[in-house]
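Hello,

Here is the structure I said I would pass on. My notes on what turned up in it follow below.

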Amino acid sequence: MKIICIGRNYTNHIEELQNERPTEPVVFMKPDSAVLLKQHPFVIPEFSEDVHHEIEIIVKINKVGKYIEPKFAHKYYDEISVGIDFTARDLQDKLKAKGLPWEKAKAFDGSAVIGEFIPKNQFNSLENITFELTSNNETVQKSNSSHMLWKIDELISYVSQFFTLKIGDIIFTGTPEGVAAVKSDDVLEGFLEGQQLFRIQVK
């Protein structure tokens, strides 16, 4: 199982980090060891003093595909959820400044929270679903899939040009504005259309 992540897919998030707006999706990956185990807390790694939460809509691939056309992409997943792409922002900034890859800042152990998956047919349109992250019962990130620069099916088609998608692969579709540092004892909860799909504690 591989985790394919999309960066800079919401305009407001691009602006808050003062990044350049991409002309095509920004893609990076996490190994399966990045998945935070169920019922386990997220432990802030020793190598960072500025780990940020980034909530994202995620989808799970349900069949093998390569060079998938956008009009057929909807056939390659039937479940959807939300997750967190934890990011060691201080380390990422250093890597970006040197033109180096981001993996040390984004693909470390426990950096991928995967919520409970639910059938996508619960929703009338995946291009208009609201998702939210709360920290200690206060909303810290909230957006709607309508604000994506590239929609879910477009992303599946795009990444399948480079990587064969396999059953169980997860695609993180990008985070909106509101990213911020987490601290010990924070409780983070993720929601999709008001339905709680994960709850984790930070240590």
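**Cores and helices**

This is a predicted model. Its largest nonpolar core holds 46 residues, and F42, I80, F86, I152, I156 and L192 have the most contacts inside it. At least two residues each come from β1, β4, β5, α2, β9 (130–135), α4, β13 (187–192) and β14 (195–201). The biggest contributor is α4, which gives five residues.

F42, one of the residues with the most contacts in that core, touches L36, V51, F86, F108, G110, V182, I200, Q201, V202 and K203, with residues up to four places away in sequence not counted. There is also a second, separate core of 11 residues, with I3, I58, A112 and F117 among them.

Helix α4 spans residues 152–159 and is mostly covered, with six of its eight residues buried. The buried ones are I152, L155, I156, S157, Y158 and V159. They pack against β1 (3–7), β2 (26–30), β4 (55–61), β5 (77–85) and β11 (170–172).

One polar residue is worth a separate entry. Q92 sits in helix α2, residues 89–97. Is Q92 buried or exposed? Q92 counts as buried because its relative accessibility is 4%, and the cut-off for buried is under 20%. The Q92 side chain makes a polar contact with the side chain of R89, at 2.8 Å. Setting aside neighbours within four places in sequence, Q92 is in contact with T87, W102, A105 and K106.

Regards

Methods: Residues are numbered from 1 along each chain as its sequence is written. This is a predicted model: local features need pLDDT of at least 70, side-chain atom pairs count only at pLDDT 80 or more; totals for chains, interfaces and linings use all residues. Side-chain values use heavy atoms; hydrogens and water are left out. Helices (H or I, at least four residues) and strands (E, at least two) are DSSP runs, numbered from the N terminus. Buried means under 20% relative accessible area, exposed over 50%, partly exposed in between (1.4 Å probe, protein chains only). A polar contact is a pair of N or O atoms within 3.5 Å; within protein, one must be able to donate a hydrogen and the other to accept it, and residues adjacent in sequence count only if both atoms are side-chain atoms. Contact means heavy atoms within 4.5 Å. A nonpolar core is a set of buried Ala, Val, Leu, Ile, Met, Phe, Trp, Tyr and Cys residues joined through side-chain atoms within 4.5 Å.
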